[in-house]
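This briefing goes through one protein model for a reader at the bench. The sequence and the structure come first, and the notes follow by topic.

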Amino acid sequence: MIKSFFGKIFAGYTVITILIVSFILIFSFNIIKGFYLNFLENDLAKIADSLMPIVKKYYEKEELQKLDSFVKNMGKKIGTRITVINNEGIVYADSEKDPNVMENHRTRDEIIKALEGERATSLRFSNTVKEEMLYLAIPIKEEDQIVGVLRVSIYLKDINSFLRNLKIRILEATAFILLASFLLSLLISKSFTKPIDEIVSTSNRLAEGDLSSRIILKGNDELNNLSSNLNSMAEKIEKSFTELRSKKEELTTIISSLNEGLLVIDDEDKVVIANESLKKVLKRDIDAGRYYWEIIRNPILKELIEETRKKGENLTSEIVIEDTDFFVSLSPVLSEKRIALVFQDISEIRKLELIKKDLISNVSHELRTPLTAIKGFAETLQDDVEGSAKEYVEIIRSHTERLINIVEDLLLLANLEEKNDTLNYDKIEINELIERVEQLFRKKAQRKGLNLILNLSDTNPVANIDEFKIEQMLINLIDNAIKYTEEGLVEISTKSEAGRVIIKIKDTGVGISEEEIPRIFERFYVADKSRSRKFGGTGLGLSIVKHIVLLHNGTIDVKSAPNKGTTFTITLPN
C-alpha cells in the first residue's frame, strides 16, 4: 500500500493517464478500422455497380461460359474476386475458382440478405480460398424480380497487414505519450508535494520540540497561506511555552521556598510533587511515583483524601504524624484528578496553647482561695464598719466577687477546651430543658418589664446532648439577652429540621455592630465595656457558649444590628 503523499499523487496521475491513453488507443483503433472497412465497402459497391450491366446481360442470355470468362478476366484486372450466384445458390461464375466444383452458396449471410433485396456485406473466413475476406453482395433483378446475386470481395490479408502496422504506430505513439505523461506526472507531483513535504518536515520538528522551526515557501497559493498560518501558530506556541516555562520556574521557586510542606498526589494515590519543606518536616525522602501511604501512614489522612476526592471540596483538619501536630489543607485539582495537600507544623502553637491553658488554670486555682478569703473578710467588715468605710468595703466585695466569677469562667473554659473533655450524652427533650431554664429568668425579666416569650415546636424535638453543658449555654445566652435589653422582648424558639434541632434566642436590645460580630466569641472581648462592667460581665460567656456548641458538633450563628436587637441561632445534631 502506498503511504507517501507523493506516491499517491504520482500513482493517481499514472493510473488516470494509462486509463485515458488505453481508452483513446482502443477507441481510435476501432474508429480507424471501421473507417477503413467502410471505405473498402464503398469501393466494392462502386465496382459491383460498374459490373452489374455486363453481368446482367450475360445472365439474362444465360451465356454462362462468357459470364465466367468475363468475371475471371475482370477479377485479375481489378484485383477483386467476383462471383455470380443464381437465386438457388448455384455459382454461375467465379473469378478465382471453377464454378462447377464450388458448393452451394444459398446459406451465406450476404447471399441470404441479397436475395431478400438488400445490399449486404460480410466479414468472414472463406472456406473456398481459406482466407479472411470482405464480401459485398447485391441482387440481380429482372423486371423487379430477383434472379441472382452479384458478389464482389477482397482479401483482408493486406488490410490486416495495414491495420497491424497502424496498430504498431499507434502503440509507439502511445508509449511516447505514456512516457511523456509519466515524466510530466513526476514533475507535477514533485512540484505539488515538495511544499507539502516542507510543511510535514517542519511540523515534525515542531512536534519534537523545535519551536524555532519555520516553513519557507514561494508563491501565493493556498499552501503558502497554510504555511503562514502554521508559522503564526508556531510563534504563538513558542511564546506560550516560554511563558509557561517561566511560570513553571516561578512556581517551582515558590514551592521550594514554602515553609509549609506541599504534597500533590494523583488519582492513583501516587506522589506527583513533594517540596523540600515536606521532606524536611517529615525527615524522610519522598520520591515522585511512590504511593503516599508508603511514606505517610495515617488513617485520618486517608479518610480526608477519600472525602476530598468524593465531595470535590476543600477540607481542613488537624492530624498527628509521629508525635508532630499538623494542620493539613486538602484542595482538589479537578481538571487533573489530583489533590494538593499543604502540611503546616503547629506543634509549637499547640505547646504554647497548652502552656497558656496550664497558666490560666494554675493561676485561676491559685487565685480562687485568696479571693474567696478576701470576699469573706469584706462581708465580715461590712457588718462591723459604719459610714463611708462601709461603702468602700462594699466596692471591695463587689470587685472581689467579679474576680471570682472570672476565675470560675476561666476554669470552665479551660476544661471545655481540653481535647480529652468528655460529654455525658443523653437523649434530652429540648423543650422541657428550655422551660426549666426559662423559670430561672422569669422574675428577672418581669422586674425589667420585658416579655419573655417561648415559641417552642409542637414536635418536642429530642437531641443527644450533655444536658448540663447545654443548660449552661442557654443560661449564658438568655442572661445576656435580658441584661442588654431595656424594653421589648426576649423570645426563645425551637424547631426540628432535616435531622437537626434549631434553637433561636432573639432580643430587642442594644444590638451589636457589624464589624464587632466576628470578635464577640473571643475571650474578654465585650462590645460595650461600660455596660459590661455595669452588669458584672466577665467577657467569657460567649466564648464558653461557642466551645459548648463545638463540642456537640453544632454551629452558632449571630445576626444583629445596633439598637435593633440580636438573634443567636444554635443548630445541634439530634
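The buried residues of helix 11 are K469, I470, E471, Q472, M473, L474, L477, I478, D479, A481, I482 and K483. That makes 12 of its 17 residues, so helix 11 is largely enclosed by the rest of the structure. The model is a predicted one, and the points below are computed from it.

**Helix 11**

- Helix 11 covers residues 467-483, and its end C-alpha atoms lie 24 Å apart.
- That agrees with the 24 Å expected for 17 residues at 1.5 Å a residue.
- The buried residues of helix 11 include charged ones, among them K469, E471, D479 and K483.

**Overall make-up**

- The protein has 574 residues, of which 39% count as buried.
- Its secondary structure consists of 13 helices and 17 strands.
- Among contacts with a separation of 6 or more, 57% are between residues 24 or more positions apart.
- The exposed area of the protein is about 34600 Å², and 54% of it comes from carbon and sulfur atoms.

**Salt bridges**

- The structure holds 19 salt bridges.
- D49 and R119 form one of them through their side chains, with N to O at 3.0 Å. The two residues are 70 residues apart: D49 is in helix 1 (residues 5-61), while R119 is in the loop between helix 3 (109-115) and strand 3 (120-126).
- Both ends of that pair are partly exposed: D49 has a relative accessibility of 40%, and R119 has a relative accessible area of 48%.
- R151 pairs with E110, and their closest N and O atoms are 2.9 Å apart. Since R151 lies in strand 5 (residues 145-155) and E110 in helix 3, this salt bridge ties together parts that are 41 residues apart in sequence.
- Both partners fall under the 20% cut-off for buried residues: R151 has a relative accessible area of 2%, and E110 has one of 0%.
- E294 and R290 form a further salt bridge, with 3.4 Å between the closest N and O atoms. E294 is partly exposed at 33% relative accessible area, and R290 is partly exposed at 31%.
- K444, D479 and K483 are joined into one network by salt bridges that share partners. Two members of this network, D479 and K483, are among the buried residues of helix 11.

**Helix 2**

- Helix 2 has 15 residues (64-78), for which 1.5 Å a residue gives an expected span of 21 Å. The distance between its end C-alpha atoms is 21 Å, in agreement with that value.
- Its buried residues are L67, D68, F70, V71 and G75. Viewed down the helix axis they fall within an arc of 160°, so they line one face of helix 2.
- Q65, K76 and K77 are exposed, and they sit on the face turned away from the buried side of helix 2.
- G79, just after helix 2, has a positive phi of about 65°.

**Nonpolar surface patch**

- A nonpolar patch on the surface is formed by I16, I20, F23, I24, F27 and I31.
- Together these residues have about 610 Å² of accessible area.
- I31, one of the patch residues, lies in helix 1. I31 is partly exposed, at 43% relative accessible area.

**Surroundings of F343**

- Where does F343 lie? F343 is part of strand 10 (residues 338-345).
- With a relative accessible area of 2%, F343 is buried.
- Beyond its neighbours within four places in sequence, F343 is in contact with E260, G261, L263, L278, I296, L301, I319, I321, F326, F327 and V328.
- F326, one of these contacts, is 17 residues from F343 along the chain, and the C-alpha atoms of the two are separated by 6.0 Å.

Conventions: Residues are numbered from 1 along each chain as its sequence is written. This is a predicted model: local features need pLDDT of at least 70, side-chain atom pairs count only at pLDDT 80 or more; totals for chains, interfaces and linings use all residues. Side-chain values use heavy atoms; hydrogens and water are left out. Helices (H or I, at least four residues) and strands (E, at least two) are DSSP runs, numbered from the N terminus. Buried means under 20% relative accessible area, exposed over 50%, partly exposed in between (1.4 Å probe, protein chains only). Contact means heavy atoms within 4.5 Å. Accessible areas come from the Shrake-Rupley method with a 1.4 Å probe; for residues, only the protein chains shown count as cover. A salt bridge is a side-chain nitrogen of Lys or Arg within 4 Å of a carboxyl oxygen of Asp or Glu. The expected span of a helix is 1.5 Å times one less than its number of residues. The arc is that of the directions from the helix axis to the C-beta atoms. Patches are made of residues with over 30% relative accessible area and no salt bridge: like charges are joined within 9 Å, nonpolar side chains (Val, Leu, Ile, Met, Phe, Trp, Tyr) within 5 Å.
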